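Student: I would like to go through this complex with you. Could we begin with the place where the chains meet?

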Amino acid sequence: MSHHHHGVGNLLGNDAPCVLLLGRPNSGKSSVYNRLTGADAKVGNFPGVTVDILSADLTLPTSRQPVRVLDLPGVYSLDVTLDPGTDEGVARTFLDRVIAEKTRAVLVQVLDASQLAAGLALTRELLARPLPLLVVLTQRDVLAAEGRSLSVKPLQAALGVPVVAINAHDPAARGTLLVALAEVLAGDATPGPRMPPEWDAQSLAEGAVRDVAVVSAEALRNRARTDQLDRVLLHPVVGPVIFLALMVGLFAAVYSVAGPVSSALDVGVQSLGALLARPLGRGLLGSFVTDGLLGGAGTVLAFLPQIVILTAAMELLDASGYLARGAFLLDGALRPFGLGGRAFVPMLTAHACAVPAIAATRILRDPRERLTVILVLPLLTCSARIPTYGLVLGAFFGGRPVLQAVLFVALYLVGVLAAVVVSLVLRHSATRGRRLPLVLEMPAFRSPDPRAVARACFVAGKRFVRDVGTVILACGAVLWVLLHVPSPGAPVDSHPTDASAMERSVGAAIGRALEPVTRPLGFDWRINVGLLGSFGARELMVGTLGVISGIEDADEHPESLATRLRTAQDGHGGRRYDARTGVALLVFFVFACQCMSTLAAIRRETRSWRWVVFVTVYTYALAWVAAFVASRAAGLLGL
Amino acid sequence: MTLRELTPHHAARILTLRLDDNEARWLRALGVTEGARVTVLRAGPFRGPLQVRVSERTTFAIDRTVAAAIDVAPEGSLA
């Protein structure tokens with residue numbers, strides 16, 4: 001079995017027929033995919049498809065026929081889709097293209113036999129497509145444990161397509177699937193004519209499933225377990241308390257596990273830098289490679305662990321069935337702000353990074369709600385802001401640990417508050433319109449499949465390095481150039497030093513040009529250069545301020561930079577920055593969307609530059625006004 | 001009587017979905033269809049959605065406004 005990277009151009013990139021796995025969410029589709037392909041898979045990017053679709057190549061044993069298996073996002077219906085960007089829309093678009101391009105393909109619908117009638121509604125939609133269909137019934141074991149038996153024959157006869165029943169946890173299921181696939185591909189498996197589906201899903205399901213025996217004790221226990229858990233987890237008082245505790249605990253875990261891993265990765269990058277510094281020397285090239293490129297790579301790696309760990313946690317919560325419970329608990333509280341219960345999933349993810357959070361909005365079915373969430377996600381406190389918060393709090397509130405802690409928590413809360421208030425405003429202006437009310441399946445609790453969790457982590461990590469990493473690297477390189485190329489017209493220094501060269505760079509000139517705008521906030525050209533760097537990626541702020549202040553390794557040891565910021569002189573014997581500058585800078589960082597990766601993700605998901613411009617303008621305008629108000633307020637409070 | 005008015009833990013059958021076409025099709029695709037047996041299990045906090053068991057096996061969170069647009073015929077009390 002081999003795995004492929006998908007080329008651009010042709011949708012599928014090779015001539016092997018493709019097997020498209022479709023099914024409702026929670027139907028056992030990923031177990032079937034794992035069983036068929038042997039767990040691990042490549043994540044393909046298909047042109048025009050924003051969602052990463054898993055695929056693997058395999059060879060059918062009987063016919064030696066190579067096929068490509070693709071795992072499409074879970075859908076309830078293909079025909080009732082509203083937004084081509086959601087999971088359902090993606091599956092629909094993908095299928096439409098396969099049909100339009102006349103790609104040789106087989107549809108495989110994975111259907112939970114214990115919810116037969118509901119799944120048959122999708123079967124009806126698939127039968128209307130001009131592609132061969134194989135129906136795979138899973139959970140037959142669950143059905144049997146419930147004292148019911150399933151007969152495949154009447155189903156097969158009524159549907160007019162082959163139907164196989166498997167237990168995806170049984171290794172022998174792979175053989176059954178492969179044989180059925182080979183028959184469908186050979187074209188001799190269709191037992192009857194493909195009629196326009198006249199049957200009624202409910203009565204067909206009732207005809208196929210029969211009560212035969214006593215319900216097993218285990219099945220009864222399983223059924224009771226979900227009910228008991230729901231009684232506690234969805235309790236009007238206890239439920240929300242548990243939810244909050246779980247989320248706080250989750251973030252504590254993310255940071256406490258990610259911290260040491262990040263440090264270890266950082267040590268690795270630093271020793272690589274030291275290794276390269278010798279042959280490259282301290283010249284321009286050496287500086288570019290070690291400061292510009294490796295520094296950027298170190299920054300990317302520092303954030304990778306928490307993305308992966310948060311993904312694992314969210315995936316576990318989702319697969320166990322808890323995320324749907326969270327949506328149930330929060331829907332009432334979020335509704336006044338024009339959001340639905342599910343919006344909490346991307347909003348939670350955004351506290352690590354807005355880029356995966358924007359991708360996570362694909363679970364929102366309501367296009368207006370989805371757009372609203374995308375537009376406010378940049379306001380939530382992603383982890384890339386934390387180094388800057390730490391630096392500024394250390395510089396101006398260093399002697400007051402309690403105030404420091406209060407301000408730190410306040411910055412998070414301001415982010416959340418800003419997100420819900422802005423979303424309320426947007427729902428009455430830019431994204432106004434009817435809201436689709438929540439209708440959400442709450443699956444029975446079950447233990448997650450560790451392989452599926454591992455796969456999700458791999459996908460998230462890869463996507464982060466691809467989408468965020470490259471931007472950080474590129475911005476770091478551009479910033480390095482801006483700070484090392486002298487501005488035309490700057491006076492020539494006969495004895496150039498690093499610091500004086502920096503002062504005459506193009507970057508410094510831009511920073512000075514921005515001073516009239518930023519002076520009311522207390523920012524001079526040096527801070528402006530930092531803001532310039534963080535326009536691309538806010539991760540670069542601390543490092544850039546360090547470079548400007550002539551302090552190396554500010555990312556690793558911000559204490560000396562904090563001291564430098566606090567004690568810097570303005571040339572008239574006064575302090576260059578004070579606590580009000582610090583407050584303004586913190587507040588500016590809360591609101592401004594200083595992240596090109598986020599803007600690129602918004603472009604990708606909304607398919608429009610309009611919303612990219614909108615987010616940039618509104619967040620920077622809000623950042624300036626809020627920073628101005630906050631610094632005045634800080635002055636009044638005597639900070 | 002509507003699903004919203006149904007007493008918790010009392011079973012009923014869905015009679016009609018008084019929703020716009022797209023929304024009704026979506027509910028039917030989920031399995032919330034005319035004739036399905038439904039039981040309200042509980043209501044979410046802060047005037048949140050209802051948790052509804054549909055056709056014995058699946059449970060859904062259903063917004064109160066949607067529940068108010070689903071007509072049901074009660075069957076009688078469950079044990």
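Tutor: Certainly; please keep in mind that this is a predicted model. The contact draws on 37 residues of chain A and 30 residues of chain B.

Student: Which three residues supply the most of the area that chain A buries against chain B?

Tutor: They are Val80(A), Phe328(A) and Val439(A), which together supply 22% of the area that chain A buries there, more than any other three residues.

Student: And what is the area buried between the two chains?

Tutor: About 2800 Å² is buried between chain A and chain B, and carbon and sulfur atoms give 55% of that area.

Student: How many salt bridges and polar contacts cross over?

Tutor: Four salt bridges are found across the interface of chain A and chain B. For polar contacts, the count between the two chains is ten residue pairs, with both residues at pLDDT 80 or more.

Student: Which elements of chain A supply at least two residues each to the side that touches chain B?

Tutor: Helix 3 (116-127), helix 8 (217-233), helix 11 (322-334) and strand 10 (439-442) of chain A each do so. Helix 11 has the largest share, with five residues. By class, this side of chain A comprises 18 nonpolar, five polar and 14 charged residues.

Student: Going back to the salt bridges, how many does the structure hold over all chains?

Tutor: The total over all chains is 23. One that crosses between chains runs from Asp63(B), in the loop between strand 4 and helix 2 (64-67) of chain B, to Arg335(A), in the loop between helix 11 and helix 12 (344-349) of chain A. Their side chains meet at 3.7 Å, N to O.

Student: Strand 10 of chain A came up earlier; which strand of chain B is joined to it, and is the pairing parallel or antiparallel?

Tutor: Strand 10 of chain A is joined by four bridges to strand 4 (residues 58-62) of chain B, and the two run antiparallel. Within that pairing, Val439(A) has Ile62(B) as its bridge partner.

Student: Now chain B by itself: what is its pattern along the sequence?

Tutor: Chain B has two helices and five strands, in the order β-α-β-β-β-α-β.

Student: Why does its radius of gyration agree with a compact globule?

Tutor: A compact globule of 79 residues would have a radius of gyration near 12 Å, and chain B has 11 Å, so the values agree. Its C-alpha atoms fill a box of roughly 35 × 30 × 25 Å along the principal axes.

Terms used. Residues numbered from 1 in each chain as written. Chains lettered and ligands numbered in written order. Predicted model: local features only at pLDDT ≥ 70, side-chain atom pairs only at ≥ 80, totals over all residues. Heavy atoms only, no water. Contact = heavy atoms within 4.5 Å. Buried area = accessible area lost by both parts, 1.4 Å probe. Polar contact = N/O pair within 3.5 Å; in protein donor to acceptor, adjacent residues only side chain to side chain. Nonpolar A, V, L, I, M, F, W, Y, C, P; charged D, E, K, R; others polar. Pairing = 2+ DSSP bridges. Rg over C-alpha atoms; globule rule 2.2 N^0.38 Å.
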